[in-house]
Amino acid sequence: MTTLLYSFRRCPYAMRARLALLYAAGPQVALREVVLRDKPDAFLRASPSGTVPCLVLPDRVIDESLDIMVWAFGSSDPLGLSTMPPQGWAWIERCDGPFKYDLDRTKYSSRYPDLDATVSRDRAAAFLQDLNDQIGTFILDRPSLTDLAIAPFVRQFAFIDKPWFDAQSWPQLQHWLNRFLTSDGFASIMGKYPPWADAGQSQPFPPKDPAGRTNAPPLW
Ligand SMILES: N[C@@H](CCC(=O)N[C@@H](CS)C(=O)NCC(=O)O)C(=O)O
């Protein structure tokens, strides 16, 4: 049985899983694009949480994006991205915990009528200020899984109000995000696939490059 990846193009958790599969440059998986408002039965049977990404291996299911990243780099890691100090995991924890909490309350403020969205945005901005101060070229002193795990969430925040994001004094962060958004890797993980329905066709992922290879592109 081939490995299946249930994914959703614009989900930042699914993006980080696809980035890890791309940069691990292991065997292709069969990607199934899920429509979240109409989840296929096979996905709901496979996924304990009903969330994407969800990786279905012959012997087990991995339902958490970070676990999928670790799994991908566990089998191959040509760029050494998963070799990183505990500091990297601490940044990811801040991103997935308090930053994502405030990001959601900034982006979907109408769902939280009792909260002041500017307070949420200010708290998210404090994290981004720290991240800006941390970034040289990458978050750690060399490219790592930390960049892949966090970039999709900074992207999500930035596009809530891109002119506002661009007007902040976060030059390292803005440059880092821009390099990510314009990279070959980002283009490779953002291909558009038709939604998968039960009994539909999966798509091989990562896509092959023009030379027919699935080599990892250089990091941004
Ligand atoms: N902890 C999970 C969270 C994944 C998650 O929340 N994904 C969202 C999409 S961005 C989802 O599938 N939500 C279910 C829904 O909208 O029904 C992970 O890291 O994989």
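## Around the ligand

A nitrogen atom of the ligand sits 2.8 Å from an N or O atom in the side chain of Glu64. Keep in mind as you look around that this is a predicted model. Two other side chains make a similar approach to ligand oxygen atoms: a polar atom of Ser65 lies 2.6 Å from one oxygen, and a polar atom of Lys39 lies 2.7 Å from an oxygen too. On its own the ligand would expose 520 Å², and the protein buries 70% of that area.

Who else is there? Glu64, Ser65 and Lys39 belong to a ring of surroundings that also takes in Cys11, Tyr13, Leu36, Gly50, Thr51, Val52, Pro53 and Asp63.

## Backbone oddities

Two of the ligand's neighbours, Val52 and Pro53, are joined by a cis peptide bond, with omega at about 0 degrees. To find Pro53, look in the loop between α2 (41–46) and β3 (54–56).

There's another cis bond to look up, running from Phe205 to Pro206, and its omega is near -5 degrees. Pro206 lies in the segment after β5 (203–205). Ala25 is worth a glance as well: this residue isn't a glycine, yet its phi is positive, at about 55 degrees. You'll find Ala25 in the loop between α1 and β2 (29–33).

## The largest pocket

Now for the empty spaces. The largest pocket has a volume of about 470 Å³. It is lined by 20 residues, and those closest to its centre are Arg10, Cys11, Pro12, Tyr108 and Gln156. Three helices, α1 (12–24), α4 (86–107) and α6 (145–158), each give two or more residues to this lining.

Both domains take part here: domain 1 (4–79 + 191–205) and domain 2 (86–184) each supply at least three residues of the lining. By type, the lining splits into 10 nonpolar, 3 polar and 7 charged residues. Cys11 turns up in two places, since you meet this residue close to the pocket centre and also among the residues surrounding the ligand.

## The second largest pocket

The runner-up in size has a volume of about 190 Å³. Its lining starts with Phe8, Arg9 and Arg10, carries on with Glu33, Val34, Val35, Leu36 and Arg37, and finishes with Lys192, Tyr193 and Pro195. What kinds of residues are these? The lining has 6 nonpolar and 5 charged members, with no polar ones.

Arg10 links the two pockets on paper: this residue is listed in the lining of the second largest and is among those closest to the centre of the largest. Leu36 lines the second largest pocket and also belongs to the ligand's surroundings.

Notes:
Residues are numbered from 1 along each chain as its sequence is written. This is a predicted model: local features need pLDDT of at least 70, side-chain atom pairs count only at pLDDT 80 or more; totals for chains, interfaces and linings use all residues. Side-chain values use heavy atoms; hydrogens and water are left out. On a 1 Å grid over the protein atoms alone, a cavity is a set of points where a 1.4 Å probe fits but cannot get out, and a pocket is an open set with protein on both sides within 12 Å along at least five of seven lines; lining residues have an atom within 4 Å of a point. Grid points are joined across faces, edges and corners, and a volume is the space filled by probe spheres set on the points. Helices (H or I, at least four residues) and strands (E, at least two) are DSSP runs, numbered from the N terminus. Ala, Val, Leu, Ile, Met, Phe, Trp, Tyr, Cys and Pro count as nonpolar, Asp, Glu, Lys and Arg as charged, and the others, Gly among them, as polar. Domain bounds come from an automatic or database domain assignment. A residue is near a molecule or strand if one of its heavy atoms lies within 4 Å of it. A polar contact is a pair of N or O atoms within 3.5 Å; within protein, one must be able to donate a hydrogen and the other to accept it, and residues adjacent in sequence count only if both atoms are side-chain atoms. Accessible areas come from the Shrake-Rupley method with a 1.4 Å probe; for residues, only the protein chains shown count as cover.
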